[in-house]
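Here is a short tour of charged side-chain pairs and a little strand pairing. Have the viewer open while you read.

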Amino acid sequence: MTAHRLRAAALLACLSAFAMPAHAADAAPVKNIVLVHGAWVDASGWKPVYDILIRDGFNVSMVQEPETSFADDVTAAKRVIDMQDGPTLLVGHSYGGSIITQAGVDPKVAGLVYVAAHAPDVGEDEGELGRKMPSVLAKTPGAVEVTADGFTYLKPELFPKLFAPDMPSAQATFEARSQVLAAKGVFGTPLTAAAWKTKPSWGIVAGDDQIINPDLERFYYERAKAPFIVVPGASHSVYETHPEQVAAVIESAARSLGSASE
C-alpha cells in the first residue's frame, strides 16, 4: 500500500473513531480554537495543524507560554482565551495538557483536546504521575539538563531521538537548538482545577511516544472518559508529523460541541 493510501486509511480510521449522527455533522461547529504547546518547544510547531484548520474555516489562535512557571503559563493561556469572541475549543500538547486542564474551567471554553498530553487531577502534578508510569525519557540518565538558575532542557543531541524521531533530521536538529527552556517547577506544580471533569474532552495517543509513556496518556483519557485515538508509530511530535490526524480530531470535536450547543 502506498504512503498516500496509508495516510488516507489512518485518517478514515480517525474520523470513524469520532463518528457522530448525521444531524451533528450538519451543525455549525465551534469556530474558535486555541492551541497550547508543551515544554521545550514553542507555538510554531503547530503550523501544520494551523494550516489545515484555517483552510477549513476555523479561527485559530496559539499561546506562546513563557515556561517560567506554571502560573505564568496558565495566565498566558487565559489571556488568549479572553481574546476569543465566543465558545472556544482548547487544545494542549504534552505539558500544554496540564495548562488546558487548569485554564479550561474558563466559561468560554467549551471543550478540550489532549494531544500526547498530560491531564492531571486536582492535587496532582505531571512530574509525579510521570514517575509512576515512566517514559523512555525518564529511563534515560542525564537526558534532561538543568541550568544554574533552575531551567530545564533536553540535551540537543538526544532531542531528535527522543522527541522527534519521525521528523526530518534537519528540522528536529533545529528544534533541538531552539528549545524554550522550562523552569523546573512547571512539572511539579499541583493543579487546583481539572477542567476535564466538567468539559467534554478528546485525546490522541502517540503510539511511539518516548517523552510521555503512551500508557499514561491512555490512563488520562480513560479516566476523563474522553474518546481517543492512537496514532501508531507516532512520536511525541505527533502534532507536527501527523497533522492530518490531529486536525481531524480537533475538527470532529468542534463539530460535536457545535451540535451540543443547539
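## Salt bridges and a small sheet

Counting side-chain nitrogens of Lys or Arg within 4 Å of a carboxyl oxygen of Asp or Glu, the total comes to 7 salt bridges. Please keep in mind that this is a predicted model. As background, side chains of opposite charge can pair when their charged atoms come close.

Three of the salt bridges are worth a visit, and the table puts them side by side.

| Basic residue | Acidic residue | Closest N to O distance |
|---|---|---|
| Lys-47 | Asp-51 | 3.0 Å |
| Arg-55 | Asp-56 | 3.0 Å |
| Lys-155 | Glu-145 | 3.7 Å |

### Pairs involving helix α3

Let's begin with Lys-47, whose salt bridge partner is Asp-51. Both residues belong to helix α3, which spans residues 47-55. They sit 4 residues apart, or about one turn of the helix. How accessible are the two partners? Lys-47 has a relative accessibility of 45%, so it counts as partly exposed. Asp-51 is partly exposed as well, because its value is 37%.

Next comes the salt bridge between Arg-55 and Asp-56, with N and O atoms 3.0 Å apart at the closest. Is Arg-55 buried or exposed? With a relative accessible area of 62%, Arg-55 is exposed. Asp-56, at 33%, is partly exposed.

### A pair that reaches across the sequence

The side chains of Lys-155 and Glu-145 also meet in a salt bridge, at 3.7 Å from N to O. Glu-145 lies in strand β5 (residues 144-146), while Lys-155 lies in the loop between β6 (151-154) and α7 (159-162), so the pair ties together parts that are 10 residues apart in sequence. Lys-155 counts as partly exposed because its relative accessibility is 24%. For Glu-145 the value is 29%, so this residue is partly exposed too.

### The strands around it

Strand β5 brings us to the sheet. In which order do the 3 strands of the open sheet run? The order is β5-β6-β7, with antiparallel pairing. At the edges are β5 and β7 (182-183), each of which pairs on one side only.

What joins β6 to β7? These two strands pair in the antiparallel sense over 2 bridges. If you would like a spot to zoom in on, Phe-151 stands opposite Ala-183 in β7.

How values were computed: Residues numbered from 1 in each chain as written. Predicted model: local features only at pLDDT ≥ 70, side-chain atom pairs only at ≥ 80, totals over all residues. Heavy atoms only, no water. Buried < 20%, exposed > 50% of the residue type's maximum accessible area, 1.4 Å probe, protein only. Pairing = 2+ DSSP bridges.
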